[in-house]
Amino acid sequence: MTASTPKPQVDTSKPHPARVYDFLLGGKDNYQVDQEVGEKLPPEAKAAARQNRAFMQRAAAWLARSGVDQFLDIGTGIPTEPNLHQIVQGINPKARIVYTDNDPIVLRHAEALLISSPEGVTDYIQADVREPEVILEHARTLLDFSRPIALSLIALLHFIPEDQDPYGITDTLVGALPAGSYLVLSHAASDLFPELSARVTAEYAKGGITLGFRTRDGVTRFFDGLDLVAPGVVTATKWFKDTEAPEDEDCGLYAGVARIG
């Protein structure tokens, strides 16, 4: 992996979604401000973090087995093994992965832990999804945009409220990818467990983090114009390909994979 940016200071005065997520997964790379948010969330939040991580692993493995060998993962989060590159390079050691997150602590852990196989490449850029052109500019130096790329937006877009144009951001990213690429997306639901969603949203808001949970139709809109892979947009625990079905349990996340072009 190559370092692309100077090391900025970590802001520990306010919570960050990547560090709250790390706390929910049982990690230790978080601070008291993150823990205070996570501890006030209902128990279902920890289950959702685990279910989301498992969906990512299933989707990445299926794509790698299907021949995709380039991945652009935005909203990476703090490395929690197995990471995306470990999944796909375990299937194809030559796979190339570009990770992106906007939290400096993620960059520090990425530099230490996101180590590629000798045959492949992993790289990291500190950037915000709200600046998709910055991400694409860097990704073009490492990925071959004449061949299929899997764009991974895992549990990210519900942190982008409507006034920040989440659909326009996604369209910009998807529009830059060649035919045969894929969009992999998971997103918190507002319509499956409304009372629970409202409680989670309120607790994050107390920490200064604005959430934009969406309905199934709202999540499906991110895939407009793309060819959804069966079973379509479903709860994260219902999405699987060529493997045994995951444990059937309540899930407040939608997930889907779609082919571009």
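Colleague: What covers the buried residues of helix 8?

Modeller: This is a predicted model. In it, the buried residues of helix 8 are S197, V200, E203 and Y204. The elements that cover them include helix 1 (17-24) and helix 2 (32-40).

Colleague: On the same side of helix 8, or on opposite sides: where do its buried residues lie?

Modeller: The residues concerned are S197, V200, E203 and Y204. They cover an arc of only 130 degrees around the axis, and therefore they lie on the same side of helix 8. An α-helix has 3.6 residues a turn, so residues three or four places apart point the same way. The arc thus places the buried residues of helix 8 on the same side.

Colleague: Which exposed residues does the face of helix 8 turned away from its buried side carry?

Modeller: Exposed here means over 50% relative accessible area. On the face turned away from the buried side of helix 8, the exposed residues are P194, E195 and K206.

Colleague: How far apart are the end C-alpha atoms of helix 8?

Modeller: Helix 8 comprises 13 residues (residues 194-206), and at 1.5 Å a residue these should span 18 Å. The separation in the model agrees with that expectation, the end C-alpha atoms being 19 Å apart. After the helix comes G208, whose phi is positive, near 85 degrees. The end-to-end separation asked for is 19 Å.

Colleague: What is the radius of gyration of the protein?

Modeller: The protein has nine helices and eight strands. For 261 residues the globule rule gives 18 Å, and the value for the protein is close to this, so it is as compact as a globular protein of that length. Along the principal axes, the C-alpha atoms fill a box of roughly 45 × 40 × 35 Å. The radius of gyration is 17 Å.

Colleague: Among contacts between residues at least 6 apart in sequence, what percentage join residues at least 24 apart?

Modeller: Of the 261 residues in the protein, 55% are buried. Among the contacts between residues at least 6 apart in sequence, the share that joins residues at least 24 apart is 74%.

Colleague: Which helix supplies the largest share of the largest nonpolar core?

Modeller: This core has 38 residues, and those touching the most other members are F55, L63, F71, L84, V88, W239 and V257. Elements that each supply at least two of its residues include helix 3 (44-65), helix 4 (84-91) and strand 8 (253-259). The largest share, eight residues, comes from helix 3.

Colleague: Leaving aside its neighbours within four places in sequence, with which residues is F55 in contact?

Modeller: F55 is one of the residues that touch the most other members of the largest nonpolar core. With its neighbours within four places in sequence left aside, F55 is in contact with I154, V184, L185, S186, A236, W239, A255, G256 and V257.

Colleague: Is H85 buried or exposed?

Modeller: H85 is found in helix 4. Beyond its neighbours within four places in sequence, its contacts include G90, I97, Y99 and L113. With a relative accessible area of 1%, which is under the 20% cut-off, H85 is buried.

Colleague: Which backbone oxygen does the side chain of R19 reach?

Modeller: R19 is found in helix 1. At a relative accessible area of 1%, R19 is buried. At 2.9 Å, its side chain reaches the backbone oxygen of K14.

Colleague: Is A112 buried or exposed?

Modeller: A112 is found in helix 5. Its C-alpha atom is separated by 32 Å from that of G252, 140 residues apart along the chain. Because its relative accessibility is 53%, A112 counts as exposed.

Terms used:
Residues are numbered from 1 along each chain as its sequence is written. This is a predicted model: local features need pLDDT of at least 70, side-chain atom pairs count only at pLDDT 80 or more; totals for chains, interfaces and linings use all residues. Side-chain values use heavy atoms; hydrogens and water are left out. Helices (H or I, at least four residues) and strands (E, at least two) are DSSP runs, numbered from the N terminus. The expected span of a helix is 1.5 Å times one less than its number of residues. Buried means under 20% relative accessible area, exposed over 50%, partly exposed in between (1.4 Å probe, protein chains only). The arc is that of the directions from the helix axis to the C-beta atoms. Contact means heavy atoms within 4.5 Å. A nonpolar core is a set of buried Ala, Val, Leu, Ile, Met, Phe, Trp, Tyr and Cys residues joined through side-chain atoms within 4.5 Å. A polar contact is a pair of N or O atoms within 3.5 Å; within protein, one must be able to donate a hydrogen and the other to accept it, and residues adjacent in sequence count only if both atoms are side-chain atoms. The radius of gyration is taken over C-alpha atoms; the globule rule is 2.2 Å times the number of residues to the power 0.38.
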